[in-house]
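Hi,

Here's the structure I said I'd pass along. Have a look at it first, and my notes follow underneath.

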There are 2 protein chains.
Amino acid sequence: MTSLGARASGLRRHNLSTLLERLHLRGSASRSELCAVTGLNRSTISDLVQRLIALDLVIEDGVSASTGPGRPSPIARVRPGGAVVVAAEIAVDSLAVATIGLGGKVFAQVNTEMPRGESSPAETVRKVAELAGPLIASLPDDCTLAGVGVAAAGVTRRSDGFVHFSPNLGWKDVPLGDMLGEALGESVGPVMVANEADLGALGEYRRGAGFGIDNLIFISTEVGIGAGLIIGGTPMLGAAGYAGEAGHMLVNPNGQRCQCGAVGCWETEVGETALLRAARSPQTSGLAAVDAVVGRLAAGDEEALTAVARIGDWLGVGMGNLVNLLNPDLVVLGGLFSRLHDYVREPMLAAMRDRSLEPASGMVSVVPSALGPSAQLHGAAELCLSRIIADPAHRAVDY
Amino acid sequence: MTSLGARASGLRRHNLSTLLERLHLRGSASRSELCAVTGLNRSTISDLVQRLIALDLVIEDGVSASTGPGRPSPIARVRPGGAVVVAAEIAVDSLAVATIGLGGKVFAQVNTEMPRGESSPAETVRKVAELAGPLIASLPDDCTLAGVGVAAAGVTRRSDGFVHFSPNLGWKDVPLGDMLGEALGESVGPVMVANEADLGALGEYRRGAGFGIDNLIFISTEVGIGAGLIIGGTPMLGAAGYAGEAGHMLVNPNGQRCQCGAVGCWETEVGETALLRAARSPQTSGLAAVDAVVGRLAAGDEEALTAVARIGDWLGVGMGNLVNLLNPDLVVLGGLFSRLHDYVREPMLAAMRDRSLEPASGMVSVVPSALGPSAQLHGAAELCLSRIIADPAHRAVDY
DNA sequence: GATCATTTGTCTATCTTGGCAACAAAATGG
DNA sequence: CCATTTTGTTGCCAAGATAGACAAATGATC
């Protein structure tokens, strides 16, 4: 409970955090701009910026571009190396690892395809460590590691990085956080694991299509469907971090049986399997099969276009439910529907409007992901960086 | 944005607010208990309590019961008259008005039945004013009015109390906040209107079955269905306050046509109409018809029991969707299903567990409303009181 | 290019707020 | 009645933000 008794040191923490967050999210700013934004006194800003510089989190270089008479104000900007996160995404078909610093600076990134079904937890952890090693080694000398953030495609408990299950990875009860912590060692800092849709939402909110939009839903579709929810500027995780499992929402009692055991789940109508089935693809899963459908769409294949339109319709139905329930400003489509956006847009919007009430349906925008496959990596970085931003003076103290 | 620059006065506000909220929600406390809870120094607590007393919001009387040696600590408690809200609930069949003070103290309450369909906005506003007048007049002299809180059964914009529409009241585009403000005059303070399910959730969270439980869903069923969501201790309102319209979630594409124009909405399967249809009631709506079904249930009528079990099944289906999406600790059933709880419980739980994923489904509790029909009134009171609690020193300043 | 107005950084005194320590007060228990 | 314990009160201190005076750096003007 930070919300109980507050003392003067809490003021400091809050103001340092506000400044650092501002610089982290919106880039450089002159001291006088910081005064205007925070409403704090020049003297106070001066002191705070100096403190952040002493913490190696911020640098001042150059002065503001002249906009009239007056003494120029020094420009403060984040020092990306001041806190660097090893961000990883464990997806069904792929693995990605990146080193991302303050300000969202990507130092380096590697992606690998993972043959579906061959990614046991142990094998995956080994591979992540193997990819992360060289990235960490290649960081400039003045970088401070701030932790490991992992986006995992599964139902994940945030408190300890435990993956309850992931039907699409074929995992069950995996202590992923502990395993990665052991594999990577203590020196990289704490390991934080979260659901990939939640982190996609966070990534798009902080650095993507949802920047500055405090109520948004990120819909992540790879094999299954997950939703990441940002409500009032805060990630909505639920009581134990399991919120956002939208893929198993009932939309069609006469539909297919889902992997989860129930019938008519949303993802049976709009997931990868549904797409391939509708488009009469020879395969029932896999990246290559999806690529083939995308190719047919680009070529104007009538069967594929009809199939995608039907998928778009069901997509919109589920989105309508979400819009009714959550009244977001924005829905960001990630993964599959980011690629298929042009083809699904019309039927999806029509179905969404049909299934949701004015005025909520009238105010919502729907856009494809701006960060694409990197949304989750940026979200994973934010997950760790937010700890430092929340209390810049205590970095590197509690581990 | 209160979250930007923080200064010393913000500390004061925060600490005053913390103390007042503690006393408001959890009743009296000795000064030494307040020290323990907040972690603040004795001197500071002394100063803060004296300030709250000077603001007429708190009184000290008596001393703590002796639990050993040591000087007894004076007991601080909220002064209910320090801030009194006129709380109103505009339901489909009824109207309720109450005067509720700090600490949730109900000074007086009146309820009236409203014949369905005869409650035009103007007539309703007139009636609310007519009921409120005597309640206000009968308040003790030392009471300070803190505003009017209204729970309305409809899609409501919080910022200005505009009711977009309410199918069950038959309203459309009603500036309810303004109308009530005019009818009641300036002296009662600001008028705040919100959705009845949202306020039911708030009421149960602050003073009912969900006390202390930071992630809960309140399902309000009268004629339609609405959900009120408390997430992380904060009411989840969405971008414009329209969140929680769960009644129009698609659950059955082969179902009935809903008043909203779409097919297969949740409330077509579990609302009052569905209940009466399933139980083969001679009427299709109305309190009396529902009462008759409840009577048959109590008498063990087989047809009614089967009907309610089927309704319970669909209730659980929708709840499963909500549990997947929001991962609550608790679901509170209000309205119709509070009365029918014993009869729907088993099929509802079974369906909910079927339709939602472990571990989210395993951790959720489902209970009937603890406040019953008063939940919305208490929520409406909290709506206004929370302004004063957030900044006790500025009460009565901004209007 | 010198001068002035303007803006901003810096420094110091001051204000607000909470903490601390010493002391007083009020209870229990022998 | 006195020792012990707990808590309220009071005066002083520390942390942090502010205000005002002054200096520095720039553009505009002559």
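How many bridges join strand E8 (residues 155-157) of chain A to strand E9 (residues 162-166) of chain A, and do they run parallel or antiparallel? There are three bridges, and the two strands run antiparallel. Before I go on: this is a predicted model, so please read everything below with that in mind.

**The E8-E9-E10 stretch**

Within the E8(A)/E9(A) pairing, you'll find A:Val155 opposite A:Phe165 in E9(A). The hairpin these strands make has four residues between them, and A:Gly161 takes a positive phi there, near 70 degrees.

E9(A) also pairs with strand E10 (residues 171-174) of chain A, again antiparallel and over three bridges. Here A:Val163 is the residue that faces A:Val174 in E10(A). E9(A) and E10(A) form a hairpin too, with four residues between them. Its turn holds A:Gly170, whose phi is positive at about 75 degrees.

**The three-stranded sheet**

Going back towards the start of the chain, there is an open sheet of three strands with antiparallel pairing, in the order E1-E3-E2 (chain A). Its edges are strand E1 (29-30) and strand E2 (58-63) of chain A, each of which pairs on one side only. E1(A) is held to strand E3 (residues 74-78) of chain A by two bridges in the antiparallel sense, and A:Ala29 sits opposite A:Ala76 in E3(A).

Two helices to look at here. Helix H1 (residues 8-26) of chain A packs on this sheet and touches E1, E2 and E3 of chain A, with its direction at about 80 degrees to that of E3(A). Helix H3 (residues 42-54) of chain A lies across E2 and E3 of chain A, and runs at about 120 degrees to E2(A).

**One residue to zoom in on**

Try A:Val223, which is in the loop between strand E12 (216-221) and strand E13 (225-231) of chain A. Is A:Val223 buried or exposed? It counts as buried, because 23 other C-beta atoms lie within 10 Å and the cut-off for buried is 20 or more. Leaving out residues up to four places away in sequence, A:Val223 touches A:Val92, A:Asn168, A:Gly271 and A:Glu272. If you want a distance to check in your viewer, A:Val223 and A:Ser159 are 26 Å apart, C-alpha to C-alpha, with 64 residues of sequence separation.

Over to you!

Definitions and conventions
Residues are numbered from 1 along each chain as its sequence is written. Chains are lettered from A and ligands numbered from 1 in the order in which they are written. This is a predicted model: local features need pLDDT of at least 70, side-chain atom pairs count only at pLDDT 80 or more; totals for chains, interfaces and linings use all residues. A residue is buried if 20 or more other C-beta atoms lie within 10 Å of its own, exposed if 12 or fewer, and partly exposed in between; C-beta atoms are placed from the backbone. Two residues are in contact if their C-beta atoms, placed from the backbone, lie within 7 Å. Two strands pair if DSSP finds at least two bridges between them. Axes are lines fitted to C-alpha atoms, for helices over the stretch in contact, and angles run from 0 to 180 degrees between N-to-C directions.
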